[in-house]
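Trainee: I should be grateful for a close look at a single part of this model. Could you please take me through one pocket and its surroundings?

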Amino acid sequence: MRAKHEVAHVLQAHWPQVENCGGINSWQLRTLGAILRCRTRAMGGHVDACSDCGQVRVSYNSCRNRHCPKCQGRRREQWIQARQAELLPVPYFHVVFTLPDTLNQLAMHQPRLVYDTLFEAAWQTLLAFASDRKHLGA
């Protein structure tokens with residue numbers, strides 16, 4: 001079953017803008033190009049023929065890029081199922097900690113400092129909330 005809308009369709013509709021976007025580096029452009037061409041004639045293909053009934057089917061090759069939703073969909077589902085099997089039978093809370101975009105440049109140049117500081121602050125915040133009964137019912 002094929003998806004009604006695919007990332008490749010969006011890329012195809014806007015490829016000139018993608019190629020000329022100043023904010024995309026060459027590695028990202030190659031990745032997007034692979035996703036655009038994945039399982040199309042541009043990637044080449046092969047013919048599968050059933051020796052019993054004679055039915056012939058052309059299959060186009062995949063890009064095998066780790067970022068491609070077509071190529072990695074099954075692996076992603078397997079990974080999700082494996083993580084779900086590890087979950088304990090207790091309620092979970094999803095908590096997100098973000099940084100202001102003004103710290104992006106610092107995070108690019110000093111990632112260890114920025115992320116160590118973020119995780120320490122997040123941990124201290126979680127401890128403070130968990131020790132206060134009015135938060136999260138802890």
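**The second largest pocket and its surroundings**

Mentor: D48 is partly exposed, with a relative accessible area of 31%. In this predicted model, the side chain of D48 forms a salt bridge with that of R57, at 3.6 Å from N to O. R57 is exposed, because its relative accessibility is 53% and the cut-off for exposed is over 50%.

We now turn to the pocket itself. The second largest pocket has a volume of about 240 Å³. Its lining consists of R39, S62, R64, K70, C71, Q72, G73, R74, R75 and Q78. Sorted by class, these are five charged, four polar and one nonpolar residue.

Two of the lining residues deserve a closer look. K70 is one of the residues that line the pocket, and its side chain also meets that of E6 in a salt bridge of 3.1 Å, N to O. This pair joins distant parts of the chain, since E6 lies in the segment before α1 and K70 in helix α3, 64 residues apart. E6 counts as buried at 14% relative accessibility, whereas K70, at 22%, counts as partly exposed.

C71 is also part of the lining. Beyond its neighbours within four places in sequence, C71 is in contact with C38, R39, S62, C63, R64 and N65. Among these contacts, R39, S62 and R64 also line the pocket. C71 belongs as well to the largest nonpolar core, a set of nine residues that includes C38 and C63. Helices α1 and α2 each give two or more residues to this core, and α1 provides the largest share, three residues.

How values were computed:
Residues numbered from 1 in each chain as written. Predicted model: local features only at pLDDT ≥ 70, side-chain atom pairs only at ≥ 80, totals over all residues. Heavy atoms only, no water. 1 Å grid on protein atoms, 1.4 Å probe; cavity = no way out; pocket = protein on both sides within 12 Å on 5 of 7 lines; lining within 4 Å. Points joined across faces, edges and corners; volume = space filled by probe spheres on them. Nonpolar A, V, L, I, M, F, W, Y, C, P; charged D, E, K, R; others polar. Core = buried A, V, L, I, M, F, W, Y, C linked by side-chain atoms within 4.5 Å. Buried < 20%, exposed > 50% of the residue type's maximum accessible area, 1.4 Å probe, protein only. Helix = DSSP H or I, 4+ residues; strand = E, 2+ residues; numbered from the N terminus. Contact = heavy atoms within 4.5 Å. Salt bridge = Lys/Arg side-chain N within 4 Å of Asp/Glu carboxyl O.
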